[in-house]
Amino acid sequence: MRNETARHDITVVGGGLAGVCAAIAAARLGRTVALINNRPVLGGNSSSEVRVWVCGATGHGKNHHAREGGIMGELLVENQFRNPDGNPYYWDTVVLDAVRAEPNLTLYLNTDVREVEAEGPDDMRRITAVTGWTMGSERRIRFESKVFLDCTGDGLIGHLAGAHHRIGREAHAEYGEPWAPGAADDITLGSTLLFYTKDAGRPVKYVPPNFAKDISKTSIPQRRIIKAGDNGCAYWWIEFGGELDTVHDNEEIRDELWAVIYGIWDHIKNSGGFDAETMTLEWVGSVPGKREYRRFLGDYVLHQGDILGQSEFADRVAFGGWSIDLHPPQGVYAAEDGAKQRYTDGIYHIPYRSLYSVNTSNLLFAGRNISASHVAFGSTRVMATCATIGQAAGTAAALCAEQGLTPRALDVPSLQRTLLREDASVIGLTCDDSADLAPRARVTASSTLACIAVETPDEPWQLTADAGIVLPVDPQLTGIELLLDAEHDTEVVIELYDPVLGQNYVPRRLVATATVPVPAGSHQWVKTGLEWSPATPRNAFVLVRANEALALHTADRPTPGVLCFTRIPLRPQDEAPQPLREWTDAGLLRRTFCLRTGETSAFAPTRAVDGYLRPYAGPHQWVSEPSVSGAWLELAWPEPVTLHRIEVIADDDVNEDLINLHHHRTPFDTLPTLLRDYRIEARGPDGSWHTLSRTKDNRRRRTSHPLAEEVTTDALRVVVEATNGAASAHIVAVRAYAQE
Ligand SMILES: Cc1cc2nc3c(=O)[nH]c(=O)nc-3n(C[C@H](O)[C@H](O)[C@H](O)COP(=O)(O)OP(=O)(O)OC[C@H]3O[C@@H](n4cnc5c(N)ncnc54)[C@H](O)[C@@H]3O)c2cc1C
């Protein structure tokens with residue numbers, strides 16, 4: 001056995017996606033980081049040991065332009081390239097590779113932290129060290145740091161340090177939450193084990209173990225959906241322990257979950273009700289996936305009203321968008337549905353004050369243990385959201401360690417600036433980076449998509465339900481025409497709405513209405529006459545009312561800046577209003593209703609230097625006309641500038657809902673809108689262009705191009721040679737740095 005001491009600027013305990021993203025973020029900012037995980041595999045509940053699929057703000061595609069950016073975005077895009085079929089082991093390696101790519105980060109796997117040294121009175125605790133035991137290596141390691149992050153999910157580190165926290169549900173009166181119970185209690189969400197099956201191609205018998213539960217004596221077959229071919233997270237509802245203590249009763253909970261799994265499999269194999277003769281169990285989990293335990297108290301407690309009201313916190317540093325998703329305490333044995341879910345109208349903000357301890361001065365946290373009420377946690381708990389929180393907390397830790405500050409004393413605007421500079425997403429804020437010379441340049445392009453015109457139809461779309469079209473309005477919307485078929489003389493009713501919030505894609509404030517006659521006939525361009533000139537650029541939601549005599553037309557291709565929806569009724573159990581559930585792109589994803597509009601500046605070259613890194617009240621990127629090869633974006637300065645590094649942020653289409661495991665398969669490995677081949681050129685004194693950097697087979701969103709030698713020039717060009725499939729060149733941002 002060995003005793004060791006490890007000194008790092010920052011110690012991150014817990015290698016779930018929150019801890020991984022926190023550690024990577026801090027390491028990229030130049031701090032030395034220890035990332036400690038008590039299991040051999042990173043990724044926490046997303047790892048191949050548990051196999052929960054990574055969900056986030058898209059809410060399985062309900063929210064739009066909502067996929068996470070930053071480090072979580074990088075992981076999802078890389079996983080899509082390497083692992084489009086969602087193999088859990090391949091996902092493990094994507095996460096491990098990302099951690100190993102950071103030279104400032106030291107990874108301690110299999111290291112269980114059980115001791116914490118902390119000092120100070122209850123209202124001013126400070127952690128000096130944590131100690132872990134590396135299983136299999138007999139190493140007892142004491143980790144000393146300036147700043148600590150508890151990303152353990154269960155919150156053991158903060159608990160041992162004396163950080164204030166709570167377990168269970170708050171009373172309704174505490175935060176005025178409609179979904180909170182009348183009295184506070186210690187109920188949590190339960191834990192789950194998952195299993196995978198496979199078809200052996202020949203009959204396989206199944207003899208259940210003695211401990212398997214006879215589920216025919218429970219409500220499970222009546223209350224839950226059981227299908228022979230389902231795998232993994234499709235069985236999220238095998239949940240137990242909400243009325244127990246999910247940590248101290250973990251062993252008992254695991255045994256119950258195993259009994260249920262083997263009982264369900266017995267039911268599938270031997271009840272005669274399923275076509276499963278050749279099926280066998282391929283994998284059964286043994287590490288219970290824990291949903292909930294301690295939630296720390298920060299300077300702010302995020303609650304239900306913040307999520308449903310989309311509170312615009314000045315200190316916002318991350319975002320979420322999953323529904324508030326709570327489960328009955330009895331879990332798998334509950335008579336009611338396995339989950340109750342409520343979506344707000346779009347993605348919501350998470351404040352920095354929920355990420356550091358109210359009473360432990362050098363403790364930040366990220367993941368499912370942040371300062372949120374039980375109800376708000378019901379939404380923030382999904383892993384891509386935990387990961388963006390992790391990047392924010394890790395970035396804050398890096399700035400604190402560098403500046404010798406406590407998390408509470410940190411300057412929040414500088415944290416937000418750093419996050420945006422690192423391409424993390426803080427919704428509605430622009431990257432105000434004084435070192436970046438690009439915003440001072442005059443920006444021009446070889447061509448710009450100036451008109452939205454989808455004129456070649458593939459299929460008619462019967463208007464049996466209301467349809468919706470989101471269009472950028474910059475600076476005005478004029479001349480909207482729709483391609484319509486009419487069975488007989490009729491009229492089309494169109495309403496134009498302002499979604500009000502930049503991140504929302506549902507109709508909220510009615511701006512104008514038009515009723516236009518449509519004579520019988522097919523493929524008729526109908527002028528709507530709708531116009532709108534808002535004070536600032538934004539999106540319009542154009543609602544086309546259902547009319548059984550009418551059909552729109554769809555084209556089988558996506559159109560930059562445009563989203564198309566159809567309206568479905570809420571289910572009886574859904575709380576109303578929930579427009580996000582009503583307006584779905586089912587059947588319309590990557591397709592566009594045929595339409596024409598007047599000119600738009602939404603894709604102007606200047607959008608590539610406007611500081612926005614993702615769609616917000618408009619697309620915020622330069623898009624060329626549909627002809628890629630040789631398309632260029634140029635930055636020209638009035639006086640020559642000396643450059644050391646150039647950064648290109650390509651469009652990774654944050655509307656595409658990527659997932660790490662097998663929930664759905666996205667049909668391409670690389671996002672088509674990403675630049676594939678491009679070069680960066682600088683203009684010489686004689687006006688000729690010289691290549692500074694050439695990129696081939698790119699599949700990333702953000703690429704840094706350090707220059708081998710500094711370059712003095714009055715103009716730069718990014719010349720696009722090929723995209724990964726998109727018809728136009730898309731560039732979200734170009735950044736140009738002098739010595740940093
Ligand atoms: C069955 C189930 C279904 C779910 N469904 C979804 C879903 O569909 N999609 C989704 O995104 N989310 C889902 N969730 C929620 C989500 O998995 C969690 O909220 C999320 O994993 C929390 O991330 P985290 O990084 O905070 O913690 P975790 O993923 O729990 O990671 C914590 C890590 O810290 C390590 N650790 C703990 N204690 C110590 C210690 N003392 N020393 C060292 N290391 C330690 C753990 O081993 C683990 O690796 C589900 C959860 C469960 C259990």
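1. Let's start with the pairing of E35 and strand E39 (residues 730-737). In this predicted model, Arg-645 stands opposite Tyr-737 in E39. The two strands, E35 and E39, pair in the antiparallel sense, and six bridges hold the register between them. If you have the viewer open, the Arg-645 and Tyr-737 pair is a handy place to begin.

2. E35 has further partners. With E38 the pairing is again antiparallel, over 14 bridges, and here Ile-649 stands opposite Arg-702. Strand E20 (residues 442-445) also pairs with E35 in the antiparallel sense, over four bridges. In that pairing Ala-445 faces Leu-633 of E35. How many of the 20 residues of E35 are buried? The count is 14, so-called "mostly covered" for this strand.

3. Next, a salt bridge beside these strands. Asp-652 forms a salt bridge with Arg-701, and their closest N and O atoms are 3.1 Å apart. Asp-652 lies in the loop between strand E35 (631-650) and strand E36 (675-683), while Arg-701 lies in the loop between strand E37 (689-695) and strand E38 (702-723), so the salt bridge ties together parts that are 49 residues apart in sequence. Are the two partners buried or exposed? Asp-652 is buried, with a relative accessible area of 2%. Arg-701 is buried as well, at 12%.

4. A network of charges comes next. Salt bridges that share partners join Arg-166, Glu-170, Glu-174, Glu-292 and Arg-295 into one network. Within this group, Glu-292 forms a salt bridge with Arg-295, with 2.8 Å between the closest N and O atoms. Glu-292 and Arg-295 are both buried. For context, a search of the whole structure finds 66 salt bridges.

5. One more charged pair deserves a look. Arg-381 forms a salt bridge with Asp-325, and the closest N and O atoms are 3.4 Å apart. The pair links distant parts of the chain: Arg-381 sits in the loop between helix H9 (374-380) and H10, and Asp-325 sits in strand E16 (residues 324-326), 56 residues apart. Both Arg-381 and Asp-325 are buried.

6. Now to the parallel sheet. Five strands form an open sheet in the order E4-E3-E2-E8-E19, with parallel pairing. Which strands are at the edges? They are strand E4 (105-108) and strand E19 (363-365), each of which pairs on one side only. From one strand to the next, the twist averages 20 degrees.

7. Looking inside that sheet, strand E2 (residues 10-13) and strand E3 (residues 33-36) run parallel and are joined by four bridges. For the register of this pairing, note that Thr-11 stands opposite Ala-34 in E3. As a reminder, strands of a sheet pair through backbone hydrogen bonds, either parallel or antiparallel.

8. A helix packs on the same strands. Helix H10 (residues 383-403) lies across E2, strand E8 (147-150) and E19. At what angle does H10 run to E8? The angle is about 170 degrees.

9. On cysteines, the count comes to zero disulfides. Cys-21 is in no disulfide, and the nearest cysteine sulfur, that of Cys-151, is 9.6 Å away. Cys-21 is also buried, with a relative accessible area of 0%. Why does Cys-55 form no bond with Cys-233? The sulfur of Cys-233 is the closest cysteine sulfur to that of Cys-55, but at 6.7 Å it is too far for a bond, because a disulfide needs the two sulfur atoms within 2.5 Å. Cys-55 is buried too, with a relative accessible area of 9%.

10. Finally, the overall layout. The protein chain is divided into domain 1 (2-168 + 302-315 + 344-421), domain 2 (191-284), domain 3 (438-447 + 603-737) and domain 4 (451-599). The centres of domain 1 and domain 4, taken over C-alpha atoms, are separated by 41 Å. Their contact takes twelve residues from domain 1 and twelve residues from domain 4.

How values were computed. Residues are numbered from 1 along each chain as its sequence is written. This is a predicted model: local features need pLDDT of at least 70, side-chain atom pairs count only at pLDDT 80 or more; totals for chains, interfaces and linings use all residues. Side-chain values use heavy atoms; hydrogens and water are left out. Two strands pair if DSSP finds at least two bridges between them. Axes are lines fitted to C-alpha atoms, for helices over the stretch in contact, and angles run from 0 to 180 degrees between N-to-C directions. Contact means heavy atoms within 4.5 Å. Buried means under 20% relative accessible area, exposed over 50%, partly exposed in between (1.4 Å probe, protein chains only). A salt bridge is a side-chain nitrogen of Lys or Arg within 4 Å of a carboxyl oxygen of Asp or Glu. Domain bounds come from an automatic or database domain assignment.
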